[in-house]
Amino acid sequence: MKSKIIVITGKSSSGKNTVMDELVENYGLVNLVSHTTRPIRPNEENGKDYYFTTKEQFMDIKNKNQFIETREYEVKDSNGNDDIWYYGLSKMEYNICNVFNKVVIVDMKGFHELAEYIGRDNCFMLYLYCDDNIRKERMISRGGMSPEEIDRRFKADEEDFKFAMVESDLSVNTGDNSAEKIARFIAEVLEIE
C-alpha cells in the first residue's frame, strides 16, 4: 500500500478532515496540504489544514501552472453575499513531501486531475459518506454557513459525487462510527502499520 497516495473524497461534512487527522496522527500518514482562498474556520491552522491565501496569491500560483489540481465553488458567505472559494494542491506540496504514505482530501474533479498527474494506479480513492441528516447537523454545528449555502452544497454534492462510490477503491459510511474506528478499519484494509 505504501506505493499509493490515499485520496479522500466525499460530500460536504462527510467526515473527511476528521478521518484524515486520525490517519495522520495514529498511522503515520503525511497530509498533503492544499491552498484555499476560503476564510479560516475556528480551530484551523494555516499550513496544517490549508494554506490560506488571497485570491491574488492563488491566481498567481495557478497562472504559473504550479497546481496539480484546482477547483472553485460559488458560495454564499456567512453574510449571504456571493463569493467564489478556490482550492488547489500545488506541485511543490506534492513533490516536497518525498514519502509514499501520503493522504490528501480533494473532490471528484480534483481526484481525476491528481490521478491524471500521478497515474490512477498510484491512487487509492477512499469515498466517505453518511446520511444527509447527519451531514446537515455537522454543517450547522460547524457554523459559518447560511441556510442558502447549506442548500447549495447539498445540490452541488448530488451532482458532483453521483459516481463516487462506483469509482472508489473503498467506500466507508462515517455516520455511526467514531473517526478512530473508521481510521483503524481503513488502516487494516490498506495494511498500514
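## Helix α8 and its setting

The angles quoted here run from 0 to 180 degrees between N-to-C directions, and the axes are lines fitted to C-alpha atoms, taken for helices over the stretch in contact. In this predicted model, helix α8 offers a first use of that convention: α8 lies across β1, β8 and β9 and runs at about 160° to β9. The strands that α8 crosses belong to a sheet described next.

## The five-stranded sheet

Which strands make up this sheet, and in what order? Five strands form an open sheet with parallel pairing, in the order β2-β7-β1-β8-β9. Its edges are β2 (30-31) and β9, each of which pairs on one side only. At the β2 edge, two bridges join β2 to β7, and these strands run parallel. Asn-31 has Val-103 as its bridge partner in β7.

At the β9 edge, strand β8 (residues 123-129) and β9 run parallel and are joined by four bridges. Within this pairing, Leu-126 stands opposite Leu-170 of β9. Strand β9 (residues 170-173) has two unlike faces: Leu-170 and Val-172 form the covered face, whereas Ser-171 and Asn-173 form the uncovered one. The general background is that side chains in a regular strand alternate between the two faces of the sheet.

## The four-stranded sheet

A further open sheet consists of four strands in the order β4-β3-β6-β5, and its pairing is mixed. Strands β4 (51-52) and β5 (67-76) are the edge strands, each pairing on one side only. Strand β3 (residues 35-36) is antiparallel to strand β6 (residues 82-90), with two bridges between them. His-35 has Gly-88 as its bridge partner in β6.

Two helices are associated with this sheet. Helix α2 (residues 55-63) lies across β3, β5 and β6 and runs at about 45° to β6. Helix α4 (residues 108-118) also packs on the sheet, where α4 touches β5 and β6; the direction of α4 makes about 170° with that of β5.

## Nonpolar cores

How many residues does the largest nonpolar core have? This core has 20 residues, and those with the most contacts inside it are Ile-6, Ile-8, Leu-23, Leu-126, Val-172, Ile-186 and Ile-192. At least two residues of this core come from each of β1 (5-10), α1 (16-27), β7 (102-105), β8, β9 and α8 (179-190). Helix α8 supplies the largest share, five residues.

Apart from this core lies another, of 18 residues, which includes Ile-5, Val-7, Ile-68 and Leu-89. As a general tendency, nonpolar side chains in soluble globular proteins are buried together.

## The α5 and α6 helices

Helix α5 (residues 132-142) and helix α6 (residues 147-160) have axes that come within 11 Å and cross at roughly 140°. Because of this angle, α5 counts as oblique to α6. The crossing in which α5 passes α6 is right-handed.

The contact draws on residues of both helices. On α5, the contact residues are Asp-132, Arg-135, Lys-136, Met-139, Ile-140 and Arg-142. On α6, they are Ile-150, Asp-151, Arg-153, Phe-154, Asp-157 and Glu-158.

## Residues in the loops

Is Val-33 buried or exposed? Val-33 is placed in the loop between β2 and β3. Its relative accessibility is 5%, and Val-33 therefore counts as buried, the limit for buried being under 20%. Apart from neighbours within four places in sequence, Val-33 is in contact with Gly-47, Lys-48, Asp-49, Tyr-50, Tyr-51, Leu-89 and Glu-93. Between the C-alpha atoms of Val-33 and Glu-167, which are 134 residues apart along the chain, the separation is 23 Å. Thr-53, in the loop between β4 and α2, has a relative accessibility of 16% and so also counts as buried. Leaving out residues up to four places away in sequence, Thr-53 touches His-35, Thr-36, Thr-37 and Phe-58.

Other loop residues have a positive phi. Ser-13 lies in the loop between β1 and α1. Although Ser-13 is not a glycine, its phi is positive, at about 65°. Ser-13 has a relative accessible area of 4% and is therefore buried. Asn-65, in the loop between α2 and β5, is likewise a residue other than glycine with a positive phi, near 55°.

Note on methods:
Residues are numbered from 1 along each chain as its sequence is written. This is a predicted model: local features need pLDDT of at least 70, side-chain atom pairs count only at pLDDT 80 or more; totals for chains, interfaces and linings use all residues. Side-chain values use heavy atoms; hydrogens and water are left out. Buried means under 20% relative accessible area, exposed over 50%, partly exposed in between (1.4 Å probe, protein chains only). Two strands pair if DSSP finds at least two bridges between them. Contact means heavy atoms within 4.5 Å. A nonpolar core is a set of buried Ala, Val, Leu, Ile, Met, Phe, Trp, Tyr and Cys residues joined through side-chain atoms within 4.5 Å. Angles under 35 degrees count as roughly parallel, over 145 as roughly antiparallel, 65 to 115 as roughly perpendicular and the rest as oblique. A crossing is left-handed if the near helix is turned anticlockwise from the far one by less than a right angle, and right-handed if clockwise.
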